[in-house]
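Reader: I am new to this structure and would be grateful for a close look at a single part, described step by step. Please take one chain, set out how its pieces are arranged, and end with what lies beyond it.

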Amino acid sequence: MAAFEIGAGGQQRWLLTALTLVIVTLSLAPSARLLFEALGDLSLGSDAPLVRVLQSGATWRALGYSIYTSGLGTLIALVLGSLFAFVITLTDIRAKAALVFCFMLPMMIPPQVTALAWLQLFGPASPLLKSLGIAPALGSPQPLYSAEGIALLLGIQAAPLVFLALRTSLLALPRELIEAARISGARQSQVWGHIVLPVTRGALVAGAAMAFISSLGNFGIPAMLGIPAGIYVLPTLIYQRMASFGTGVLPEMASLSLLIGVIALLGVALQQRYQRRSRFGLTGHSGRAHDFLLGRLKLPVTALMVAVLLVILVAPLAALMISSLVPAMGVPLNAATATLAAYEEVLSRQGATWRAVSNSLWLAGGAALLLMAASLPLAYRLYRLPPRLQSLALGAVELPYALPGVVLAIACILLFVRPLPIIDVALYGTLTLIFIAYLARFLVVCLKPVAASLAQLDPSLEEAAQLAGAGPWRRMATIVLPLVAPALFAGGLLVFLLAVNELTVSALLWSAGNETLGVLIFNLDEGGESVLASAVSILVVMLVAALMLALSLLAPRLPKGVVPWQR
Amino acid sequence: MAALSIEGVSKFFGEHAAVDDLSLTVEPGEFVALLGPSGCGKTTMLRMLAGFEPVSRGEIRLNDTLLASASHHVEPEQRHMAMVFQSYALWPHMSVADNVGYPLKLKKVRGAAYRERVHRALALVELEGYASRTPQALSGGQRQRVALARCLVVEPAVVLLDEPLANLDRHLRAAMEQSFQAFHRRTQATMVYVTHDQSEAMALADRIAVMREGRLVQWATPETLYREPKSQWVAGFIGQGSELYIANGAPGQRLTEATLMQGLTAPLASRTQPVLVRPEHVRIKADAPTARDLSARLEHQTFRGERFELHLQLQDGTALMAYHPRALTPGQSVALTLTEGWCLERD
């Protein structure tokens, strides 16, 4: 017994050291460095970077646009996400799996691809409209080059976040709560209004807050739609300054990052407050569709869902596809003009494409695997911390993800712009720096589901194994790991999908030869190569859809809940 | 008060019949238990009564109203029933009083009448002081009483109870059993109670429907069920007792001491009729055995407080259970007579 205690204590100490080390280096160091930079020179008075930034009109304009586009986008996400979550989860509508898959796809498609696709859908040069013969006259404005255009796309991109938050909560709703209301005499609509909506309201607000934070940090959409129209939000303002002036403006950029970081953290606080509130500790049979019968409404509701999907998914992707098949922008697609030249160009002649693909896959795959391996022991130790320390640690881990990507990128540049001391290795401008940034950013994505899963685990399960003679490492491998495996896999999978689509961090950290897929599309489009950009985008969409499809096919063999868009 | 009739009801999940051709008539105000091991279809039957599952075949009627058939389905909200769930199913976003009052709100009861009825319902389950708490702040027994008050508040025609005591500990169960009885006496509501616990069913119900693999095996009062179980399976499921094989008698026949003792003397091969002998019908003889007595060896005994439970073995190897006021010596031989027996159907 004594030997056993020593063994357990040794493991606990070892893990505690590892946990502290990871949190300090990955989660806290970048933010601390940023804070130091932004606030460090306040003694300069009116010359301090923070003061200069706050006195600049551009800052306040960008802030205004950030809040306006993200706010409007959140509203759109709320409407779309809750419509789909309620209808798909609660009713007897058909082809649920297909609907969920299609609705989740926009979240998995990189924002710059979404932006590009929508740009191909509207405007005078749209190959789709040209092919249909309904393109507006040359010189007429592109309607998406506006704050509202940005908000619309932000909303579509963030809608799956609301959907997922609400759907999870709906699936956990015990069937008895609904049955008890029905047998009390409540009609379906009353059950929805009196029971379902109030019980899941916390999840709805939390989902909306997540949509807001995500929109606030989004870089690809406002970059592609805003910069041409001179509309800057905070992330694109930082990007543009860095691109024009280089590392010399880092102190000002740190101050801007601080500003956007504070707003994002307010959103996080709101989300966490409501998520806590939505946790009622419900018991009963859950995880079963409650099947509200749509009856006569079935056809109209199905038609509405399909129409929404046509607009938000099919039409832009069709436009993107058509743009990738024409020889140049503004040329209509027909039998004579159709060509695969763009694909040939990007796949065989542009070496950058393959380089970017392999860079992105290595970064995403490496980050996912490493984080999965680290998450279980870290979450295991985290769960055993005293409650206050535990929430502090979780907050620290959450920080690099909650902060917009551009903030983390600036922080990483600040940390690594000079060669590392002692070993004298310069990380700035290398893939390694992007990799470190990904580890910091996505740690929480992998850790949180595991921690949540551990928290739900009945402690007696492990105690029983302990009494049976299993040591701490053995318990973790044979009892805890199999039980939290679904959460672990889901976390790793999300890390991969997020990282492979990532643009914000890499937009600031890339250098020639180190492009990621996101950067490649962005650069092609910025260079006026919309057709080539469309071709790469189509390939990326096909990659993402193939990955999602492969997972869907694998889903029956995976533990329940691994694939977010399946039950 | 309402009569509930179930006529030839079946429920198929794919090929599998969860409930198979079940017929029952529940009298108005009767307290009925559906009893059976898990997976016997009792919960499915209850959910069909509530309207959560459509029936595949047969009919369910409440008084003269058709509630469900293969082609007709009255929604649960229109059945005027109430239900107590195993998991209590209290809505977490409402206070205790709001939970109890919710069915009233749906019936458009407002104002003073609403408050008065909620208060009365809570008073009946002795939870007046908890009206403004959230359900999460209550203990298991209190939650179940809130669920009961929610049933009681609208005076439903039928109250359905789905293993309501399964999540409670033993002491609370006894108290809650009394609550249910008191509730039934007061409301005179027709009640259908699903359980796998035979002692719960025996203590509460006027009549018990014993189910096995979707079929109704026996439908009788608790006393009849105990004294005259239909088959070997029912006898094994309800109460304690031993099964012997004798040469005479036919299923459904009560045997006197003389017939029983005589039937046991026949050669083993000709003894094919199973007989149930309850332990209280085994008389242990203190004085010297006579030629007519059986002789048995005491295998082991269990102290039950008021008496000892003896586990005996007859000379032909059959196990027999008996009661005795004092401890005996394990391994000792005893003389006994069987005073009564009940002939069972073979399974």
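Author: The bounds of a domain, as the word is used here, come from an automatic or database domain assignment. The model under discussion is a predicted one. With those bounds, chain B is divided into domain 1, residues 4–229, and domain 2, residues 240–343. Between the C-alpha centres of domain 1 of chain B and domain 2 of chain B the separation is 40 Å. The account below takes the N-terminal sheet of chain B before turning to domain 2.

In chain B, four strands make up an open sheet with antiparallel pairing, and their order is E2-E1-E4-E5. Its edges are taken by strand E2 (16–26) and strand E5 (65–68) of chain B, each of which pairs on one side only. From one strand to the next, the twist averages 30°. At one edge, strand E4 (residues 57–62) of chain B is joined to E5(B) by three bridges in the antiparallel sense. Within that pair, Ile60(B) is placed opposite Ala68(B) of E5(B). A helix accompanies these strands: helix H1 (residues 42–50) of chain B lies across strand E1 (4–13), E2, E4 and E5 of chain B, and its direction is at about 65° to E2(B).

Chain B holds a further open sheet of four strands, again with antiparallel pairing, in the order E11-E13-E19-E12. Strand E11 (242–246) and strand E12 (254–256) of chain B occupy the edges; each has a single partner strand, and therefore one side of each is left without a neighbour in the sheet. Here the twist averages 35° from one strand to the next. Inside the order, strand E13 (residues 273–277) of chain B and strand E19 (residues 340–343) of chain B run antiparallel and are joined by two bridges. Val275(B) has Cys343(B) in E19(B) as its bridge partner.

Strand E15 (residues 294–303) of chain B has pairings of its own. With strand E16 (residues 308–314) of chain B, E15(B) runs antiparallel and is joined by seven bridges. Gln301(B) faces Leu310(B) of E16(B) across this pairing. The two strands form a hairpin with four residues between them, where Gly305(B) adopts a positive phi near 90°. E15(B) also pairs in the antiparallel sense with strand E18 (residues 333–338) of chain B, over four bridges. There Arg297(B) is found opposite Ser333(B) in E18(B).

Chain B also touches chain A: 18 residues of chain B are in contact with 20 residues of chain A. On the chain B side, the elements that contribute two or more residues are strand E6 (81–84) and helix H2 (96–106) of chain B. By class, that side comprises 13 nonpolar, three polar and two charged residues.

Beyond chain B, one helix pair of chain A may be added. Helix H7 (residues 147–171) of chain A and helix H9 (residues 188–217) of chain A have axes that come within 8 Å and cross at roughly 155°. That angle is why H7(A) is roughly antiparallel to H9(A). Their crossing is right-handed. Residues of H7(A), including Leu154(A), Ala158(A) and Leu161(A), meet residues of H9(A), among them Thr200(A), Ala203(A) and Leu204(A). By class, the contact of H7(A) with H9(A) has 13 nonpolar, six polar and no charged residues.

Note on methods
Residues are numbered from 1 along each chain as its sequence is written. Chains are lettered from A and ligands numbered from 1 in the order in which they are written. This is a predicted model: local features need pLDDT of at least 70, side-chain atom pairs count only at pLDDT 80 or more; totals for chains, interfaces and linings use all residues. Axes are lines fitted to C-alpha atoms, for helices over the stretch in contact, and angles run from 0 to 180 degrees between N-to-C directions. Angles under 35 degrees count as roughly parallel, over 145 as roughly antiparallel, 65 to 115 as roughly perpendicular and the rest as oblique. A crossing is left-handed if the near helix is turned anticlockwise from the far one by less than a right angle, and right-handed if clockwise. Two residues are in contact if their C-beta atoms, placed from the backbone, lie within 7 Å. Ala, Val, Leu, Ile, Met, Phe, Trp, Tyr, Cys and Pro count as nonpolar, Asp, Glu, Lys and Arg as charged, and the others, Gly among them, as polar. Two strands pair if DSSP finds at least two bridges between them.
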